[in-house]
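Thanks for coming, everyone. I'll take one structure and walk through it region by region. Have the view open as I talk.

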Amino acid sequence: MEISTAHGPLRAPCYIPDATRGFVRSVDASDLEAVGIPALMINAYHLMTRPGIRVVQRLGGLHAFAGWRGPIVTDSGGFQVFSLIRQNPKHGQIRDHEIVFRPPDGKDKLILTPEKVVQTQFRLGADVMVALDDCTGPEAPAPEQRRAVDRTVAWARRAREEFERQLAQRRSEGPPPLLVAPIQGGNDAALRRHCAQALIDAGLHAFGFGGWPLDEEGALQLEMFAVLHEVLPPEAPLFALGVGKPDHLAAITALGRPAVFDCSLPTRDARHHRLYCFRDAPDPEGAPVVAGSNFYERLYILDKKHATDPEPISPYCDALCCRRYSRGYLHHLFKCEDPLALRLATLHNLRFYTQLSDQLQRHGATTG
Ligand SMILES: [Zn+2]
């Protein structure tokens, strides 16, 4: 599947990193290009709080600001705001028509409405924008899940109207941006189905997996993805927001619908010394990725055994880390807490994910 944007096509299935505040920690845009990253996921809410949307506009919009030439997806920030308010009601109130949010760092309160969230993402110049939704945790009781679905649908309708207004006001070259509506419903298949159908009826064309993609035990809510696969039109782009582990990418792709995945796991793991490696050469015979087959492992670079290891992290990685340096050297860099360790490790994990994306695009995935 190919999503056209003003900054080039975005091919699914693919993984895109979370550049939450406009950057992926410890690497720059040219580093990201070198390991084949196709697009960035940036959080509109975080930019609202710092440096402010006006500053980004004065610096030429989000692409110029971040030095990124490819597509940019911006998340509404609803997920973060809801988590903070649910953790501590002092942080604000969720009402049917708006969210009043007091950021923990004590700055001015923010009022988020579906309209304002769309306007903000237009001002940033996003290629793909996400509508404000009401996020629930997997443990939320049924009435709360239903209320979240009702609000999410009502807000998506308002977001779409604002989106159309903004499009009509702005004449720009190339394909218009895309508006993604997250689908809520928690762990309830009937509710997920209802939410998806209501969003389709409301005229939305692209969708996101809303809420938390894992259940309370940390297992992927694969059945909920299967529901979306049944309900959504085959050509509708799907953003698997916050997913995930390499095996989750394979399992969801095996359902038959290509999705765009974004997740902070590989970059966070890299900073915590956990590095991803294929067990065998990826893609030797054009075979699909087999979900659940342990096709990869994670090594812990601080393990003593790596201190004297002259081999690269992975023989299948062609990124800077493995072209030029040994496990022993990376171990040493981490021990010395040099920032170069973070850069090399981050590039390594991102390259693993782009290799996995390539293989999923070319050969798909199966469950064995
Ligand atoms: Zn590598």
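Start with glutamate 162. Leave out residues up to four places away in sequence, and glutamate 162 touches Glu115, Val118 and Gln119. Keep in mind that this is a predicted model. Glutamate 162 sits in helix 7, residues 142–169. Is it buried or exposed? Buried, because its relative accessible area is 5%, and the cut-off for buried is under 20%.

Helix 7 leads us to helix 5. That is residues 78–87, where Gly78, Val81, Phe82 and Ile85 are buried. These residues cover an arc of only 95 degrees around the axis, so they lie on the same side of helix 5. What do they pack against? Helix 7 is one partner, and helix 2, residues 44–49, is another. Three strands join in: strand 6 (92–94), strand 7 (99–101) and strand 8 (110–112).

Helix 5 also matters for the next item, the largest pocket. Its space is about 1100 Å³. The lining has 46 residues, and closest to the centre are Asp18, Thr20, Gln80, Ser264 and Arg268. Which element gives the most to that lining? Helix 5, with 5 residues. Elements that each supply at least two lining residues include strand 4 (40–43), helix 2, strand 13 (259–263) and helix 11 (265–271).

Now the metal. The zinc ion is held by three sulfur donors and one nitrogen: SG of Cys317, Cys321 and Cys322, plus ND1 of His348. Distances run from 2.1 to 2.4 Å. What is the geometry? Tetrahedral, with angles of 103 to 114 degrees among the 4 donor atoms. For reference, the ideal angle for four tetrahedral donors is 109.5 degrees. The donor spacing in sequence reads C-x3-C-C-x25-H. Cysteine 317 and cysteine 322 are both buried.

Next, helix 14, residues 339–363, which holds arginine 351. Arginine 351 counts as buried, because its relative accessibility is 13%. Setting aside neighbours within four places in sequence, arginine 351 contacts the zinc donor residue Cys317. Its other contacts are Val35, Asp318, Ala319 and Asp358.

Alanine 341 is in helix 14 too. Alanine 341 counts as buried, because its relative accessibility is 0%. Beyond four places in sequence, alanine 341 touches Leu330, Leu333 and Phe334. Alanine 341 and alanine 29 are 312 residues apart in sequence, but 18 Å apart in space, C-alpha to C-alpha.

Last, the backbone. Most residues other than glycine have a negative phi, and most peptide bonds are trans. Here are some departures.

Two cis bonds first. Alanine 12 and proline 13 are joined by a cis peptide bond, omega about 0 degrees. Proline 13 lies in the loop between strand 2 (10–11) and strand 3 (14–17). From arginine 50 to proline 51 the bond is also cis, with omega near 5 degrees. Proline 51 is in the loop between helix 2 and helix 3 (53–58).

Then positive phi. Histidine 273 has phi near 70 degrees. Its loop runs between helix 11 and strand 14 (274–278). Glutamate 337 has phi of about 55 degrees, in the loop between helix 13 (327–335) and helix 14. Which is buried, and which is exposed? Histidine 273 is buried, because its relative accessible area is 18%. Glutamate 337 is exposed, because its relative accessible area is 70%.

Technical notes: Residues numbered from 1 in each chain as written. Predicted model: local features only at pLDDT ≥ 70, side-chain atom pairs only at ≥ 80, totals over all residues. Heavy atoms only, no water. Helix = DSSP H or I, 4+ residues; strand = E, 2+ residues; numbered from the N terminus. Buried < 20%, exposed > 50% of the residue type's maximum accessible area, 1.4 Å probe, protein only. Contact = heavy atoms within 4.5 Å. Arc of directions from axis to C-beta. Donors = N, O, S within 2.8 Å, 3.2 Å for Na, K, Ca; no water. Tetrahedral: all angles 85-135°; square planar, octahedral: opposite > 155°, others 65-115°. 1 Å grid on protein atoms, 1.4 Å probe; cavity = no way out; pocket = protein on both sides within 12 Å on 5 of 7 lines; lining within 4 Å. Points joined across faces, edges and corners; volume = space filled by probe spheres on them.
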